[in-house]
Amino acid sequence: MKTPVFNKEFRDRLHDLLVWRRDVRRFRTDPVDEELLSDCLQMACRGPSVGNSQPWRFVRVTSPDTKDELIRAFEAENEKALADYEGEDAALYARLKLAGLREAPVQISVFANVETAIGKGLGSRTMPEAKMYSVVSAVQILWLMLRSYDVGLGWVSILPPDRMASLLEVDSSWVFIGHLCIGYPEEQTDTPELVKEGWQDRLPMEKFLLER
Ligand SMILES: Cc1cc2nc3c(=O)[nH]c(=O)nc-3n(C[C@H](O)[C@H](O)[C@H](O)COP(=O)(O)O)c2cc1C
């Protein structure tokens, strides 16, 4: 295969993709093409992983009963989270829409198979959590690939991690990473919803860069 050349025009488009990626909670219900989805998942599986262990496991949730169970689990966790806030924060939190579990036409729960034999444990002896980081890398690729097709992804972490493996009937050793709601967004925007709602602004990169 010929080595590709990435020029400025490509980089500018890549910047657009990164700036216009969003966490989406408001979905249209029209379906997402299966080939498109497959392409995005294929690319996600090209992600880096410790020891090339490829520990990502994607569980596509299609059963209406299971979706209902997830909604109930989300609502229970969200109520507990709301109880941690007081005053203005509590009022604002209660107004936020923090998942598109009812509307998103595609839903995928993501796990890390932290005990996989693939990769023969290379690199994860010192940092077992590197397997989980590998799965997050794959999710990030999936997120960007989907956005490149104008499809949105919403990451739902307001779910009970310890119950997810049994709820989705997968091996109990798999670690829950996140539940992904996928579908066409109601709107495309370059501004995160939590910024728009006044919950948390995005801060300049310099604030996060240290030198020693
Ligand atoms: C690990 C992770 C978990 C998240 N969990 C949730 C969630 O449960 N509900 C939600 O509304 N957004 C969730 N988000 C999305 C963030 O709120 C969002 O990324 C952030 O506000 C910045 O917005 P943007 O992604 O549109 O730039 C999660 C994001 C990440 C990376």
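What share of the 212 residues in the chain is buried? In this predicted model, buried residues make up 25% of the chain, and the paragraphs below go from the overall fold to the sheet, then to the helix across it, and finally to one residue of an edge strand.

The chain has seven helices and four strands, and, read from the N terminus, these elements follow one another as α-α-β-α-α-β-α-β-α-β-α. The radius of gyration is 18 Å, close to the 17 Å that the globule rule gives for 212 residues, so the chain is as compact as a globular protein of that length. Taken along the principal axes, the box that the C-alpha atoms fill is roughly 55 × 45 × 45 Å. Among the contacts with a separation of 6 or more, 84% join residues that stand 24 or more positions apart.

The strands can be followed next. Strands of a sheet pair through backbone hydrogen bonds, in either a parallel or an antiparallel manner. Here an open sheet of four strands has the order E1-E2-E4-E3, and its pairing is antiparallel. Strand E1 (56–60) and strand E3 are the edge strands, each of which pairs on one side only, while neighbouring strands of the sheet are turned against each other by 25° on average, with direction ignored. Strand E2, residues 106–112, and strand E4, residues 175–183, pair in the antiparallel sense over seven bridges, and in this pairing Ala-112 stands opposite Val-175 of E4.

A helix accompanies this sheet: helix H5, which spans residues 130–148, lies across E1, E2, E3 and E4, and runs at about 5° to E4.

Leu-153 offers a view of the sheet from one of its edges, since this residue is found in strand E3, residues 152–156, and E3 is an edge strand. Is Leu-153 buried or exposed? The threshold for a buried residue is 20 or more other C-beta atoms within 10 Å, and Leu-153 has 27 C-beta neighbours inside that distance, which is why Leu-153 counts as buried. Leaving aside the neighbours within four places in sequence, Leu-153 is in contact with Val-24, Leu-142, Trp-143, Leu-146, Leu-180 and Ile-182. Of these partners, Leu-142, Trp-143 and Leu-146 fall within the residue range of helix H5, whereas Leu-180 and Ile-182 fall within that of strand E4. Leu-153 and Arg-21, for their part, are 132 residues apart in sequence, yet their C-alpha atoms are 8.8 Å apart in space.

Definitions and conventions
Residues are numbered from 1 along each chain as its sequence is written. This is a predicted model: local features need pLDDT of at least 70, side-chain atom pairs count only at pLDDT 80 or more; totals for chains, interfaces and linings use all residues. Helices (H or I, at least four residues) and strands (E, at least two) are DSSP runs, numbered from the N terminus. A residue is buried if 20 or more other C-beta atoms lie within 10 Å of its own, exposed if 12 or fewer, and partly exposed in between; C-beta atoms are placed from the backbone. Two residues are in contact if their C-beta atoms, placed from the backbone, lie within 7 Å. The radius of gyration is taken over C-alpha atoms; the globule rule is 2.2 Å times the number of residues to the power 0.38. Two strands pair if DSSP finds at least two bridges between them. Axes are lines fitted to C-alpha atoms, for helices over the stretch in contact, and angles run from 0 to 180 degrees between N-to-C directions.
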